[in-house]
Amino acid sequence: MKFVHSLLLCCSLFFSSLAYSQEAGTSSYAYFGFEPDIITNYISTGKKLGYVRITAEVMVESQSALSSIEHHAPLIRDAIIEILGHQREEDIKSLKGREEIRVLCQEAVNDLLVQETGKKLVSKLLFTKYLYQ
């Protein structure tokens with residue numbers, strides 16, 4: 001009798017996890033990372049040059065969006081470099097400024113993609129590495 005209960009429990013867990021995975025499979029997210037790292041100067045005070053080095057990744061909702069991101073990667077990369085190059089040293093070095101820059105980059109990338117493809121493709125833009133000097 002214990003064997004039958006155990007077998008029924010295992011079967012119910014298997015089928016419930018299978019149903020959950022099928023429901024979750026309707027929206028599969030994909031990530032695209034820009035290689036190599038993005039390195040550019042920012043507006044610094046004084047005579048010393050400052051630079052920022054980031055690794056950026058974008059999250060998209062489908063494989064077709066991923067292929068569009070890959071196709072437009074040089075244009076997206078240029079937009080991110082342009083935004084970073086116009087930031088002040090205080091914004092680059094603060095956590096609040098860093099988050100504002102990330103949101104600004106995400107909005108600019110989506111605006112650019114709307115111009116090129118007619119759709120906002122980026123769900124999230126992430127800085128996975130963020131170094132400054």
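Ile39 stands opposite Arg53 in strand E3, a pairing found in a predicted model. Strand E2 (38-42) and strand E3 (50-60) pair in the antiparallel sense over 5 bridges. This briefing treats the strands, the nonpolar core, helix H2 with its neighbour H3, and two residues of helix H5.

**Strand pairing around E3**

- E3 also pairs with strand E1 (30-33), in the antiparallel sense and over 4 bridges.
- Within that pairing, Ala30 has Val60 of E3 as its bridge partner.
- E3 and strand E4 (122-132) are likewise antiparallel, and their pairing runs over 9 bridges.
- Thr55 is matched in E4 by Lys129, its bridge partner.
- Of the 11 residues of E3, 8 are buried, so the strand is largely enclosed by the rest of the structure.
- In a regular strand, side chains alternate between the two faces of the sheet.

**The largest nonpolar core**

- The largest nonpolar core comprises 30 residues.
- Ile54, Ile69, Ile76, Ile80, Leu84 and Phe127 have the most contacts inside this core.
- Two or more residues each are given to the core by E1, E2, E3, H2, H3, H5 and E4.
- The element that gives the most is H3, with 6 residues.
- Ile76, one of the residues with the most contacts inside the core, touches Phe34, Ile69, Val109, Leu112 and Leu113, when residues up to four places away in sequence are not counted.

**Helix H2 and its two sides**

- In helix H2 (residues 63-71), the buried residues are Ala65, Leu66 and Ile69.
- Viewed down the axis of H2, these buried residues fall within an arc of 105°, so they line one face of the helix.
- On the face turned away from the buried side, H2 carries the exposed residues Gln63, Ser64 and His71.
- The buried residues of H2 pack against three strands and two helices by name: E1, E3 and E4, together with helix H3 (73-85) and helix H5 (95-117).
- Ile69 is both a buried residue of H2 and one of the residues with the most contacts inside the largest nonpolar core.

**Packing of H2 on H3**

- H2 and H3 pack at an angle of about 65°, and their axes are 5 Å apart.
- The two helices are therefore roughly perpendicular to each other.
- H2 makes the contact through Ile69, Glu70 and His71, and H3 through Ala73, Pro74 and Ile76.
- His71 thus takes part in this contact, and His71 is also among the exposed residues on the face of H2 turned away from its buried side.

**Two residues of helix H5**

- Arg102 is placed in helix H5 and is buried, with a relative accessible area of 11%.
- This value lies under the 20% limit for buried residues.
- Leaving aside neighbours within four places in sequence, Arg102 is in contact with Lys124, Leu125, Leu126 and Phe127.
- Phe127 is itself one of the residues with the most contacts inside the largest nonpolar core.
- Glu116 also lies in helix H5, but Glu116 is partly exposed, with a relative accessible area of 44%.
- Glu116 touches His72 and Leu75, not counting residues up to four places away in sequence.
- Glu116 and Leu75 are 41 residues apart along the chain, and their C-alpha atoms are separated by 10.0 Å.

How values were computed
Residues are numbered from 1 along each chain as its sequence is written. This is a predicted model: local features need pLDDT of at least 70, side-chain atom pairs count only at pLDDT 80 or more; totals for chains, interfaces and linings use all residues. Side-chain values use heavy atoms; hydrogens and water are left out. Buried means under 20% relative accessible area, exposed over 50%, partly exposed in between (1.4 Å probe, protein chains only). The arc is that of the directions from the helix axis to the C-beta atoms. Contact means heavy atoms within 4.5 Å. A nonpolar core is a set of buried Ala, Val, Leu, Ile, Met, Phe, Trp, Tyr and Cys residues joined through side-chain atoms within 4.5 Å. Two strands pair if DSSP finds at least two bridges between them. Axes are lines fitted to C-alpha atoms, for helices over the stretch in contact, and angles run from 0 to 180 degrees between N-to-C directions. Angles under 35 degrees count as roughly parallel, over 145 as roughly antiparallel, 65 to 115 as roughly perpendicular and the rest as oblique.
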